[in-house]
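Q: Could you take a close look at one strand for me and then walk outward from there? I'd like the pairing, the burial, the pocket and the charged contacts in one connected story.

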Amino acid sequence: MDLREFSKNAGAFQFVPPHCYELVGQKFELLMDDGYDLILNFVSKTTLEWNYVNKEPSTPQTDTYECLKGDDTTYLVSWNLANQEFAKRKNFTFVIDLEQYLVTHLIAAVGLNPRWPYLVDTFFVFGAIKQEGVPYKHYPRHGFSTDMVGNVVQWQYSPDMATVHCYYSPNWYRITYPKSAQASQEAAATTDNFNNIVSALPSSDDPSDYVKIKEGIYLVSCTEQNMEKILGAKAMFRSDTLCFLDNYNRCYDVGRGFGTMTMTGPDGVETDNDVFVMIGAYGKIQDPELYKDVLEAKNPYVV
């Protein structure tokens, strides 16, 4: 028996942990720093109701959500909005931190840019979870961090799929593949495909944001925009955004992907497919010296 058959074509989804249903039956009022508070009501394993307290929509909206755990008290919750007006598509992702009763809201939207209508834009709002009998305070909060800068991490999504993230700037990251002579044929093929795409670009740099949730736990948001601006439909994946709740205490992450994939059918007709996936990986922190050339390379997208 060839054991490799069990993990064949697992891609980025083999190490996704089981979905979490611990929030079912709970209702949270989120006091957000932009002044627009939210209510999240987890009514079932798959369905939630949400609304704003002081702006539209103020009546409960019903959507289908996904939830993964970053640690024992930290949850990554994500869903696509069924009804919204200001973008072609919109995704809400929340980090719900029940240890500190803090929350981070990551908004991703497709269709805000008239020059590049597939481009994804991301926005952050920080806040706190309302507690009965506890006075409101505007601090502390989750916040943007430079702690990740200078680090390199290999993320293993399946036995045959790994990428290396180089966190070289507070606002940018770049991606490469493991420097290993042990790469399998599948991994080598993936690397070749990646290199074919990247060779058409000035570099693999893309915008990123790093949010400290607590000691050893960070939300990393990477928004792939430059491939869309340069290659457009020539690349199967259009603009997309990936966010990862990285747990360095246990060296794994859970995350969400949101964007668009353009597929060409047998008849040569291109169709756009919405991307919304939950992902997971195990991490291996690398020696930055091994990737010094990648860390120190010039970012061609900025002066």
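A: Let's start with strand E6, residues 74-80: six of its seven residues are buried, so the rest of the structure largely encloses it. Keep in mind that this is a predicted model.

On one side of the story is strand E5 (residues 66-71), which is joined to E6 by five bridges, with the two running antiparallel. E5 and E6 make a hairpin, with two residues between them. If you want a specific contact to click on, Asp71 has Thr74 in E6 as its bridge partner.

E6 also pairs with strand E7 (residues 89-97), again antiparallel, and here seven bridges do the joining. For this pairing, try Ser78, whose bridge partner in E7 is Thr93. As background for reading these strands, side chains in a regular strand alternate between the two faces of the sheet.

Asp71 turns up again when you look at charges: together with Asp97, Glu99 and Lys214, Asp71 is linked in a network of salt bridges.

Now follow E7 to the pocket. The second largest pocket has a volume of about 460 Å³. Its lining counts 23 residues, and those closest to the centre are Tyr52, Glu56, Pro57, Phe86 and Lys90. E7 is one of the elements that give two or more residues to this lining, along with strand E3 (47-52), strand E8 (102-110) and strand E9 (120-129). E8 gives the most, with three residues.

E9 then leads us to the salt bridges, of which the structure holds eleven. One of them is between the side chains of Lys130 and Glu29, at 3.8 Å from N to O. This pair links distant parts of the chain: Lys130 is in the loop between E9 and strand E10 (143-144), Glu29 is in strand E1 (residues 27-32), and they are 101 residues apart. Lys130 has a relative accessible area of 43%, so it is partly exposed. Glu29 is partly exposed too, because its relative accessible area is 26%.

Another salt bridge brings together the side chains of Asp33 and Arg141, at 3.1 Å from N to O. Asp33 sits in the loop between E1 and strand E2 (38-42) and Arg141 in the loop between E9 and E10, so this pair ties together parts 108 residues apart in sequence. Asp33 has 40% relative accessibility, so it counts as partly exposed.

For a buried case, go to Glu228 and Arg238, whose side chains meet in a salt bridge at 2.7 Å from N to O. Glu228 lies in helix H2 (residues 226-231) and Arg238 in strand E16, so the pair ties together parts ten residues apart in sequence. The cut-off for buried is under 20% relative accessible area. Glu228 is at 5%, so it is buried, and Arg238 counts as buried because its relative accessibility is 8%.

Last stop, still on E16 (residues 237-247): Phe237 lies in this strand. With 39% relative accessibility, Phe237 counts as partly exposed. Phe237 forms a nonpolar surface patch with Met236 and Met263, and their accessible area together is about 260 Å².

Note on methods. Residues are numbered from 1 along each chain as its sequence is written. This is a predicted model: local features need pLDDT of at least 70, side-chain atom pairs count only at pLDDT 80 or more; totals for chains, interfaces and linings use all residues. Side-chain values use heavy atoms; hydrogens and water are left out. Buried means under 20% relative accessible area, exposed over 50%, partly exposed in between (1.4 Å probe, protein chains only). Helices (H or I, at least four residues) and strands (E, at least two) are DSSP runs, numbered from the N terminus. Two strands pair if DSSP finds at least two bridges between them. Patches are made of residues with over 30% relative accessible area and no salt bridge: like charges are joined within 9 Å, nonpolar side chains (Val, Leu, Ile, Met, Phe, Trp, Tyr) within 5 Å. Accessible areas come from the Shrake-Rupley method with a 1.4 Å probe; for residues, only the protein chains shown count as cover. A salt bridge is a side-chain nitrogen of Lys or Arg within 4 Å of a carboxyl oxygen of Asp or Glu. On a 1 Å grid over the protein atoms alone, a cavity is a set of points where a 1.4 Å probe fits but cannot get out, and a pocket is an open set with protein on both sides within 12 Å along at least five of seven lines; lining residues have an atom within 4 Å of a point. Grid points are joined across faces, edges and corners, and a volume is the space filled by probe spheres set on the points.
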